[in-house]
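Visitor: I would like a close look at a single part of this assembly, please, with each term explained as it comes up. Could you begin with one chain taken by itself and then turn to the places where it meets its neighbours?

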Amino acid sequence: MQIPYTVEERPDTGLYNAKLGVWLFLASEVMLFGALFSSYILLRTGDPSFMIVPHAIAEQLGHAGHGELRWPAELNVPIAFVNTLVLIFSSVTIVMSWASLRLRKLDKFRLWMGLTLLCSLVFLVLKAVEYNAKFSHHLLPGTANFLAIYFTLTGLHALHVIGGVVVNGYLWGPGAKMWKSDPARFTNRVEVAGLYWHFVDLVWIFLFPSLYLL
Amino acid sequence: MSGHTAEEIRAEVRRYWLVGLALFLLTIITVAVSYLHLSAGMAVAIALIIACVKGGLVAGVFMHLISERQAVYALLLLTAVFFLFVMLGPLGGRLGGVGG
Amino acid sequence: MSVLEKQPPEPEAHEHHHEEPFWRKYIFSQDHKVIGIQYGFTALIFLLVGFSLMLMMRWQLAFPGKPIPIVGGLLGSANAPGGIMLPEFYNQLGAMHGTIMVFLAIVPLAVGAFGNYVVPLQIGAPDMAFPKLNMASYWVYATGGVVMLASFFVPGGAANSGWTSYPPLSTIATQGQTWWLVGMIFLITSSLLGSVNFIVTILQLRAPGLTLMRLPFFVWSQLVTAFLLLLAFPPLEAAGVLQLMDRIANTSFFTPSGLVVSGEVLDVAGGGSPLLWQHLFWFLAHPEVYVLILPAMGIVAEVIANNTRKPLWGYRSMVYAAVFLGFMSFIVWAHHMFLTGMGTTISAFFQTTTMIISIPSVIILTALFISLWGGSIRFNTPMLFALAFLPMFGIGGLTGLPLGLSASDIHLHDTYYVIGHFHYVVAPGTIFAMFAGIYYWFPKITGRRMNETLGKLHFWPSLIFMNGIFMPMFVQGLAGVSRRLYDGGMQYDHAQDVLQWNSFMSYSAFGLLAAQVPFLINFFKSIRWGAAVDSNPWRATTLEWAAAPSPPVAHGNFPEEPVVRRGPYEYSVPGHDSDFLPQHAAVQEA
């Protein structure tokens, strides 16, 4: 007996196994990031000085005597803005790679998936530049709770991006061999990887304003 | 339900690019608004509304949730309820007393 | 009318698969049956480890300051110089007993072992939906277990801040706490992989005709459990990551400003909230209680229906109750926090939800009790354990009510009463159900039955000693004796009148150890020399017995795909020549 519904949809649920599986996984991810956002809100509303750069650190950053300095002003909005656009663009490219497979064009798939991978790498490099600048100014997770939240949330998000790079890289490279043996299943795999990737994008869409802009 | 004919898929592709464009514009708007120095409440409200619209577009169109099956809706509804619990429960600890 | 008995063909007929190498077949296997057995053995070993830690604690409580016999000399001078336990070591034992029992023994046994082995068989599926994920889930669990055990050997020993790991105590604790957090992240990952797999398997791989309302109750209990694991564990994972950051990156998520430790203010940014950890921890840990109990209820329901030879009374209401129980378990967590200075409004809310959640538990228990009514009960070993589960879980559940009311909880919080309450749920409750499951499904896995006499020699002493351990805890707790006391309360005046129970409980614990000897003999002996049985020795209706040989076909379980025609518990249906009507059997008009 073979495991049923790996490719075709089960009539009563309307889903194939991997699609239900990935939505369940994303549901648990929602709870993971939900708890982290909840912690952020609780800590931020519980501590009146949460968003304010302590005086000693403000001086060290060269802001002495300019009044109250808020943490988001220390974050690099231009980089994060570009990164947001990069991730959004990668969401378009990965959905294009799926559409290419459904139009039975493997070369187009490789192109769009390759662009998705490129975008992810750009995102990670920009993230590394951003982190490096923080570290060189001695702004570490332990410096203040805002930075602790900033590093933890963006760090976990970056780990998710790396996870996506691994999966998408596999589908772009060795995994694409499946296109010859079982094209329908391969298309499903790309759809499911896309669902995950969009979720990573979606998390960033909330992280960006709540960390950098507010 | 996503289409199966080549024509339907091409129509979908056009929609993807439009949504991508909309997301670009909304991102620019969010950043622009943050330079207006609005009151804290107003700024949070606008930023979160825009983020929700963007999130809705990603989930609805890119993750094609608008044409997804009922099983997925049920799952996400359940998750949304528990998401609210985990967001509000810890904050609720402050109601009617000290805590925090 | 007569039942066309479809005796499943013998497994030999289907052994035409090519031989796999040993490591693929038994170590990195993707077969749910092998993985289930792997989970079962590992979990039973951890059950024994957790039990041993408890025995050492019980020795210390009964005979404070006396060297521990036999193992005392092996514990090392950092833990027990001259065999006499140090308080720090007692704290390690307490924290690790809880952690090992909950996360490494009972959940893996209930879900990993029974769920993995039985669920695909009961729904007529060839395997789990994602066999590779299933394998990964086991090995990630095993890694987490190794990390937890290894933590005993790092400087300062294992985690010692209680299984709840409350900060700021855990933030400033020794290195073992970091290992605990890393181990937990492995275990959480494993349970995530497992829960996704279970839900997809149950929803997608049901045999034709097996509608949701025809699922055996055990499958329902596993489905609800998987949802709890899926959605309640991630907040603890988040909390674990935050605590890890507090410990290794010097952040202050859970550290308030100006915290003084050993006379000095901690050098951290501050501004954190210790209560945040408690919220996130209990957001998992309360649903976790139902993760422990739901599969147990599922096993007991299977065994009771089979041995009363009657349909379960109120199957539908049991299903709805289990689903409602699962849902409500997400909004009761803060009843663990009534004493934290949390606001009264929210206390009232959580007190109300806690009272409401007792209703579905009572519905399930009542339905199981009524199922006994008028049945001609077969008192075999699995049935004895299942029957004992009912009052034991009843005691555990009902003693929880005073803890759920914020007023009475002020007196009872953190006393031995709490220990008595949840151990009644988990030890003579869940563990008895696990034993029922082992005796019940043993013939399915091995094709041999366990010995009944040894089984009864296992059951009766276990029942007596379990109560001997836990009943006095209520007495001590009501007298106000706190939990986690290294000397069992000797230093407190108010504990003097109930101190004599300490040695009574400890002797009962040693007796409980002795009572497991017949089980161990029976278990290992029966694998080789147990009485051989046919494929359906209990004359059961569910697919795992009725449609598959014992043991099931190595690849794909069933000789042919079963088609389900009726509900799970069609016992003693009038007008048939046998007293059970398998779910898939075709009935011919006479």
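Guide: What follows is a walk through chain C and its contacts, with a short look at chain B.

The model is predicted, so local features need pLDDT of at least 70 and side-chain atom pairs count only at pLDDT 80 or more, while totals for chains, interfaces and linings use all residues. Residues are numbered from 1 along each chain as its sequence is written, and chains are lettered from A and ligands numbered from 1 in the order in which they are written.

Chain C has 16 helices and 6 strands, where helices (H or I, at least four residues) and strands (E, at least two) are DSSP runs numbered from the N terminus. Its radius of gyration, taken over C-alpha atoms, is 24 Å, close to the 25 Å that the globule rule gives for 590 residues, so chain C is as compact as a globular protein of that length; the rule itself is 2.2 Å times the number of residues to the power 0.38. Along the principal axes, the C-alpha atoms of chain C fill a box of roughly 85 × 55 × 50 Å. Of the 590 residues in chain C, 57% are buried, a word used when 20 or more other C-beta atoms, placed from the backbone, lie within 10 Å of a residue's own. Two residues are in contact if their C-beta atoms, placed from the backbone, lie within 7 Å, and among the contacts in chain C with a separation of 6 or more, 80% join residues 24 or more positions apart.

Turning to the neighbours, the contact between chains C and A takes 36 residues from chain C and 33 residues from chain A. On the chain C side, α5 (176-204), α6 (217-248) and α7 (274-308) each supply at least two residues, and α6(C) gives the most, with 10 residues. That side divides into 25 nonpolar, 8 polar and 3 charged residues, where Ala, Val, Leu, Ile, Met, Phe, Trp, Tyr, Cys and Pro count as nonpolar, Asp, Glu, Lys and Arg as charged, and the others, Gly among them, as polar.

The contact between chains C and B takes 16 residues from chain C and 15 residues from chain B. Here α6, α7 and α9 (344-372) of chain C each supply at least two residues, and α7(C) gives the most, with 4 residues. The chain C side of this contact divides into 10 nonpolar, 6 polar and no charged residues.

Chain B itself has 3 helices and 0 strands, and its radius of gyration of 19 Å is well over the 13 Å that the globule rule gives for 100 residues, so chain B is more spread out than a compact globule.

Key
A residue is buried if 20 or more other C-beta atoms lie within 10 Å of its own, exposed if 12 or fewer, and partly exposed in between; C-beta atoms are placed from the backbone.
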